[in-house]
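Let's take a walk through this protein together, moving from the overall layout to individual side chains. Keep the sequence at hand and turn the model as you read.

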Amino acid sequence: MTEAIQKAADEKFCSECGGIIKAKAEICPKCGVRQMAPPSTLAATAPNGKSKLAAALFALFLGGIGIHKFYLGRVGQGILYLLFCWTFIPALVGFIEGILFLVMNDNDFNAKYGAA
């Protein structure tokens, strides 16, 4: 007879080996595989700690002076936004980028801006 494996409320099954691990575990201690993040949330963060929501808000409200570019580590582009902020073109581009950040897939955001 096979016994059913029971897990507690604060546990989950590993996505790779199926072993029982703590619900908050990021890496399975049995097989060493990184566990997937919970499905798409707006406030999800990239592996380097950058938040898609924060980047979008910076772009929407402070995009004219390039704050979102500095936040994402694109210092050269941020300086370019600062140099041309008087033309209001960076404000328009920043607003559009803010909307794009909000509709961007988490995987795409992580691939483009999530490098550690």
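What follows starts with the chain as a whole and then visits helix 4, the salt bridges and the aromatic rings.

Before anything else, please keep in mind that this is a predicted model. The protein chain holds 5 helices and 2 strands. In what order do they come along the sequence? The pattern reads β-β-α-α-α-α-α, so the strands precede the helices.

Next, consider how the chain is packed. It has 116 residues, and 26% of them count as buried. Among the contacts with a separation of 6 or more, 37% join residues that are 24 or more positions apart. The surface that the protein chain exposes comes to about 8000 Å², and carbon and sulfur atoms supply 66% of that area.

Now find helix 4, which is a good place to spend some time. Its 15 residues should span 21 Å at 1.5 Å a residue, and its end C-alpha atoms are 22 Å apart, which agrees. Which residues of helix 4 are buried? They are Pro90, Gly94, Glu97, Gly98 and Phe101. If you look down the axis of helix 4, these buried residues fall within an arc of 110°, so they line one face of the helix. On the other side of helix 4 you will find Ile89, Leu92 and Val103, which are exposed. And what covers the buried residues of helix 4? The cover includes helix 1 (52-62), helix 2, helix 3 and helix 5 (106-113).

Just ahead of helix 4, pause at Phe88. This residue sits in the loop between helix 3 (75-83) and helix 4. The phi angle of Phe88 is near 65°, a positive value in a residue other than glycine. Is Phe88 buried or exposed? With a relative accessibility of 63%, Phe88 counts as exposed, because the cut-off for that class is over 50%.

Let's turn to charged side chains. A search of the whole structure finds 4 salt bridges, and three are described here, beginning with one that involves a buried residue of helix 4. Glu97 forms a salt bridge with Lys69, and their closest N and O atoms are 3.2 Å apart. Glu97 lies in helix 4 (residues 89-103) and Lys69 in helix 2 (residues 67-71), so this pair ties together parts that are 28 residues apart in sequence. How accessible are the two partners? Glu97 has a relative accessibility of 16% and counts as buried, and Lys69, at 7%, counts as buried too. Both values fall under the 20% cut-off, which is why the two residues are classed this way.

A second salt bridge joins Glu26 and Arg34, with the closest N and O atoms 3.6 Å apart. Here the setting is an exposed one: Glu26 has a relative accessible area of 55%, and Arg34 is exposed at 54% relative accessibility.

For another, go to the strands. The side chains of Lys22 and Asp10 meet in a salt bridge at 3.3 Å, N to O. Lys22 lies in strand 2 (residues 20-22) and Asp10 in the segment before strand 1 (11-13), so the pair ties together parts that are 12 residues apart in sequence. Asp10 counts as partly exposed, at 40% relative accessibility.

Finally, look at the aromatic rings. A pair of aromatic rings is described by the distance of the centres and the angle of the planes. The whole structure contains 4 aromatic pairs. In one of them, the rings of Phe58 and Tyr71 have their centres 5.3 Å apart and their planes at 65°, so the pair is edge-to-face. Phe58 is in helix 1 and Tyr71 in helix 2, 13 residues apart, and the pair links these distant parts of the chain. Phe58 itself is partly exposed, with a relative accessible area of 29%.

Another pair brings us back to helix 4. The rings of Phe101 and Tyr113 have their centres 5.6 Å apart and their planes at 80°, so this pair is edge-to-face. Phe101 lies in helix 4 and Tyr113 in helix 5, so the pair ties together parts that are 12 residues apart in sequence. Phe101 and Tyr113 are both buried. Together with Phe109, they form one aromatic cluster.

Methods: Residues are numbered from 1 along each chain as its sequence is written. This is a predicted model: local features need pLDDT of at least 70, side-chain atom pairs count only at pLDDT 80 or more; totals for chains, interfaces and linings use all residues. Side-chain values use heavy atoms; hydrogens and water are left out. Helices (H or I, at least four residues) and strands (E, at least two) are DSSP runs, numbered from the N terminus. Buried means under 20% relative accessible area, exposed over 50%, partly exposed in between (1.4 Å probe, protein chains only). Contact means heavy atoms within 4.5 Å. Accessible areas come from the Shrake-Rupley method with a 1.4 Å probe; for residues, only the protein chains shown count as cover. The expected span of a helix is 1.5 Å times one less than its number of residues. The arc is that of the directions from the helix axis to the C-beta atoms. Rings of Phe, Tyr and Trp (its six-membered ring) pair if their centres lie within 6.5 Å; planes under 30 degrees apart count as stacked, over 60 as edge-to-face and the rest as tilted.
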